[in-house]
Amino acid sequence: MLRFLTAGESHGPALTGILDGMPAGLELDLEQINADLARRQGGHGRSGRQRIEHDEAIFLGGVEAGKTTGAPIAIRIENLDYPRQQAREKPVLTVPRPGHADLAGAIKYRLDDMRTVLERASARETAMRVAAGALARMLLAAFDIVVAGQVVAIGEEEAVPADLADVDARGRVRGSAVYVADLATGERMVERIDRARQERDTLGGIFEVQVLNAPIGLGSYVQWDRKLDGRLAQALMSIQAIKGVEIGPAFANARTPGTQVHDAIRPASEGFQRPTNRAGGLEGGVTNGQPIVVRAAMKPISTTLTPMPSIDVRTGEPALAHYQRSDICAVPAAMVVGEAMVAFVIADALLEKVGGDSVAEMRERLELMR
Ligand code: EPS
């Protein structure tokens, strides 16, 4: 139903995106889109690059008088670093950086300069995902579906996840330097990132995204590629440096007997209720009316100030990986990208369930389903 593609290099002139399948008549809040882009640029531990960029979405198609028209939406985000990069002398990169796509990418595409690989493999591309995701989030918001994230771990520092149905908790996440609801833990995380910087190292972590008020029946159990948990996992795993995904507390559930894991179904004045949500809102790949809770694990940033051992592929001789500038920790930024990807998948599943070429038609159809 919904599709999007991105193009553009990290230090090229701009990022380009096409979002196809958005219904007509959705009012876009440009400030909100740019606020999401700014949140992705933020978070303690980012590199100096973020002081150069001021990401802003420019709409080149599919939007008229601030509303979607039903046509493909074309988006552009300029790379303000571009003129500076053009002026720079860039040596050919022949020492692959462990953890990056450099080595496998250069072999795969038969490239002599690994810079060509890093230019496209870079997480700079996620700016466009956040712009596309912001539109998906606005579509969901028109139906009272909320997508909100929080960081739950940075290195060994763990925060107790908050219930993001609590608007105050969402406010605390937005105000935090590392996007956690628990501010005391947030301070420890900031110190931990500063220590990693002093130790010339990098840190990974875990973030969580919650989806509130999603209707029952998004996704399906009847075919592998229609299972919503699988679709969410794919979307999250596609974010640079994400290496693990869980639905609800899946890895803790795996160590616990079934009777203590599965969520009881009890009668209630209106049908039924579920006193717990250890399934993370999904049973059989279908939304069950509980909040959807997904978590993603991010590996530490692969570009390290302490150079990793590598080889120069021209000579085969040992060499140290090259360092220019990099993030120390980008888990808070990845959380914003995670929100965007989850919003995209849920908006796609909603469109699939409800159908409709305009927001008004979707509304009529949802009314009929009640
Ligand atoms: C990135 C390397 C760094 C990050 C970049 C992702 O870029 P640079 O080498 O220009 O400092 O800053 O992230 C962004 C530019 C961004 O906007 O998120 C990488 O190798 O993935």
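This section describes the ligand site and a set of individual residues in a predicted model.

The ligand sits in the largest pocket. Twelve residues need not be taken one by one here, but the surroundings of the ligand can be listed along the chain: H11, then R40, R46, S47, R49 and Q50, then H100, S122, A123 and R124, and finally R325 and D327. Polar atoms of the protein approach oxygen atoms of the ligand at several places. In the side chain of R46, an N or O atom is 2.9 Å from an oxygen atom of the ligand. For the side chain of Q50, the corresponding distance from an N or O atom to a ligand oxygen is 3.0 Å. At A123 the backbone is involved, with a polar backbone atom 2.8 Å from an oxygen atom of the ligand. Taken alone, the ligand exposes 460 Å², and the protein buries 88% of that area.R40, one of the residues around the ligand, is found in helix 1, which spans residues 30–41. The relative accessibility of R40 is 2%, and R40 is therefore counted as buried, the limit being under 20%. A polar contact of 3.4 Å joins the side chain of R40 to the side chain of D55. Leaving out residues up to four places away in sequence, R40 touches R46, Q50 and D55, as well as A123, R124, T126, A127 and V130, and also A333, V336 and V337. Among these, R46, Q50, A123 and R124 also appear in the surroundings of the ligand.

A second buried residue is E208, which lies in strand 9, covering residues 205–212. E208 counts as buried because its relative accessibility is 2%, under the limit of 20%. The side chain of E208 makes a polar contact of 2.7 Å with the side chain of Q210. When neighbours within four places in sequence are set aside, the contacts of E208 fall in several parts of the chain: A148, G149, Q150 and V152; P161 and A162; V293, V294 and R295; and M335.

Two residues other than glycine were noted for their backbone angles. R110 has a positive phi of about 55 degrees, although R110 is not a glycine. The position of R110 is in the loop that runs between helix 4 (102–109) and helix 5 (115–121). With a relative accessible area of 77%, R110 is exposed, because the value is over 50%. At A241, phi is also positive, near 75 degrees, in a residue that is not glycine. A241 belongs to the loop between helix 9 (228–237) and strand 10 (242–247).

Further residues illustrate how positions separated along the chain are placed in space. G61 is part of strand 3, made up of residues 58–61. G61 and I75 are 14 residues apart along the chain, and their C-alpha atoms are separated by 7.4 Å. Apart from residues up to four places away in sequence, G61 touches P72, I73 and A74.

Q223 is located in the loop between strand 9 and helix 9. Strand 9 is also the element that holds E208. Q223 has a relative accessibility of 41% and so counts as partly exposed, a class that lies between the limits of 20% and 50%. Between Q223 and G285 there is a separation of 62 residues along the chain, and the distance between their C-alpha atoms is 9.5 Å.

R365 is found in helix 12, which covers residues 359–369. At 34% relative accessibility, R365 is likewise counted as partly exposed. The C-alpha atoms of R365 and G355 are 7.7 Å apart, while the two residues are ten positions apart in sequence. G355 is also one of the residues that R365 touches; V354 and G356 are the others, once residues up to four places away in sequence are not counted.

How values were computed:
Residues numbered from 1 in each chain as written. Predicted model: local features only at pLDDT ≥ 70, side-chain atom pairs only at ≥ 80, totals over all residues. Heavy atoms only, no water. Helix = DSSP H or I, 4+ residues; strand = E, 2+ residues; numbered from the N terminus. Buried < 20%, exposed > 50% of the residue type's maximum accessible area, 1.4 Å probe, protein only. Polar contact = N/O pair within 3.5 Å; in protein donor to acceptor, adjacent residues only side chain to side chain. Contact = heavy atoms within 4.5 Å. Near = heavy atom within 4 Å. Areas by Shrake-Rupley, 256 points an atom, 1.4 Å probe, with all protein chains shown as cover. 1 Å grid on protein atoms, 1.4 Å probe; cavity = no way out; pocket = protein on both sides within 12 Å on 5 of 7 lines; lining within 4 Å. Sits in = over half its atoms within 2 Å of the grid points.
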